[in-house]
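Subject: A structure for you to look at

Hi there,

Here is the structure I promised to pass on. Have a look at it first, and then read my notes below.

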Amino acid sequence: MSARPLVVVGGFKHELNSFARGITTLEDIRRAGYYAEGPDIFDAPRSKRPELAAIREIAEREGIDLVPTVHFHALFAGGPIEHELYEHAKALIVGAVLEHRDRLTGIMLPIHGATVTTREDDPEGDLLATLRAIVGPDIPIVATFDTHVHGTARMAAAADALVGFKTQPHTDHYEAATQGMEILVRAMRGEIHPVTTHRKIRMLTSAERHDTSHQPMKGLIDASRVMERRPGVLAVSIFTTQPWMDLPEVGWSVEVVTDGDRSLGRATADELARMAWEIRDEFLVHKSSLPAALDRAASSGLRPTIFADGADSTSAGGNGDGTELLEALLARPDRIDALLTITDAAAVERCVAAGLGAELELPVGGTLTELFHPVRVRGRVIALALGDMQLDPPWSPTDLGRMALLRVGSIDVVLSERKAWHLDTVVYRHMGRELDRYQVIQVKSAGGFRFRYEALAAEIIEIATIGPCDSDLPRLPFRRISRPLWPFDAGLAEPWEDDLG
Ligand SMILES: [Zn+2]
């Protein structure tokens, strides 16, 4: 008979974008991300699955038996996942809990928190509530989250502890899972009794200002770390949420885990939430018009100027088929050396058929996203490639299908069958591009690109394009969000209904 503690581990990561078309399938996840069941969920190095590595290492150190169930990660935000995929994952996790009910001492869920299925707005909340109903109040349940979580009251009510990342772009998966797992271990031993306080804030802000190495976000993260050192406080997380989700509970939240002290949790959560609310204007994004940005790049003499095209952010759910920058470049009388990406399978097919070195005239882009339109270009096929590429850690390998580099005058357009990842420079390196050769490089990312691009950029300009990840949130067709919500209701005086008591 073993007296070793036993923890069921499982989860899934996907992030909805309500303004992108389509459904995220299991095939999409396997191609850009990963899907694993059973012991295979641990079958990757720490650099690839840092949360699972942290959980396994702590379990080994503490003499805990793990029951691995399922884990998957959709690299790109996008349309909802198929409900059957969620039901299958839920059945595996619930099945393991039921099977090991007699020996079970804890449940650890490294999840995302912004997953939506074709039938369920809050699968993480549903999973947590289902597990709580099965195990009752005495088995601790801890979940770790991405900061883009769609934080719901149901999640917070069902879990003992919710622990979020403290970085955007995310680089602290390992640390967050370590923090969560250590809370779980201490709770299993009866040393602590974690309780989570959930404070929803009536604000929704675009991702450009969520970067945790810059203000205003840095100040809030620093404050959360200071609060975590207070006696009785176990974890303090700020969930800035994925803003392009048209859901009733979308918006910022603060989650505070204390050792059984709900009034301390409430006071701490409200203090941090109010701090965020007071500086909300600093999260508004003011971007450059395309003509102004191009004038600047043409006259500055700097190489390269990064044009952050956040409205078509592929990691946030854009399809990468936006053409507004290409069109603006073509309309100019001067020649700007520019490097762009556009998702367009038909255009790649045309380039492949024409062959290396061929000249051709064709429409590119604007076929996947309603807000965009194709642009007709005449260019030469400079390179062809297969788009199977290793991304910088911790991101999974991804496959863009076939790729072509089309030279249109002074503009190099990287065409790919599937959308490119823009939080690192791999897509351009993969096509053999030397980045400092260009005056303008397009990066289809709202803010996450800075982590890799800032060091090489001579200048960064955020361009005011339109798209499914538009930073001007009130001009997007939201229908289901709960009002009042800032900045949709600009005159909103209080961040929540019941004020500090
Ligand atoms: Zn995220």
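**The two sheets**

Six strands, in the order 2-3-1-4-5-6, make an open sheet with mixed pairing. Strand 2 (33–37) and strand 6 (161–164) stand at its edges with a single partner strand each, so one side of each has no neighbour in the sheet. Before going on, please note that this is a predicted model: local features need pLDDT of at least 70 and side-chain atom pairs count only at pLDDT 80 or more, while totals for chains, interfaces and linings use all residues. Residues are numbered from 1 along each chain as its sequence is written, and side-chain values use heavy atoms, with hydrogens and water left out.

A few terms: helices (H or I, at least four residues) and strands (E, at least two) are DSSP runs numbered from the N terminus, and two strands pair if DSSP finds at least two bridges between them.

Strand 5 (residues 141–145) runs parallel to strand 6, with 4 bridges in their pairing; in strand 6, A161 is the bridge partner of V142.

The other open sheet has 3 strands in the order 7-9-8, with antiparallel pairing. Its edge strands are strand 7 (194–200) and strand 8 (233–239), each pairing on one side only. Strand 8 pairs with strand 9 (residues 253–259) over 6 bridges, and A235 has V257 in strand 9 as its bridge partner.

**The cavities**

A cavity here is a set of points on a 1 Å grid over the protein atoms alone, where a 1.4 Å probe fits but cannot get out; lining residues have an atom within 4 Å of a point. Grid points are joined across faces, edges and corners, and a volume is the space filled by probe spheres set on the points.

How many cavities of 30 Å³ or more are there? The count comes to 2. The largest has a volume of about 550 Å³. Its lining has 38 residues, and D146, H148, H170, W421 and L423 lie nearest its centre. Domain 1 (6–283) and domain 2 (290–473) both contribute to this lining, so the largest cavity lies between them; the domain bounds come from an automatic or database domain assignment.

The second largest cavity holds about 30 Å³ of space. Residues lining the second largest cavity include D309, D312, E324 and F372.

Enjoy exploring!

Conventions
On a 1 Å grid over the protein atoms alone, a cavity is a set of points where a 1.4 Å probe fits but cannot get out, and a pocket is an open set with protein on both sides within 12 Å along at least five of seven lines; lining residues have an atom within 4 Å of a point.
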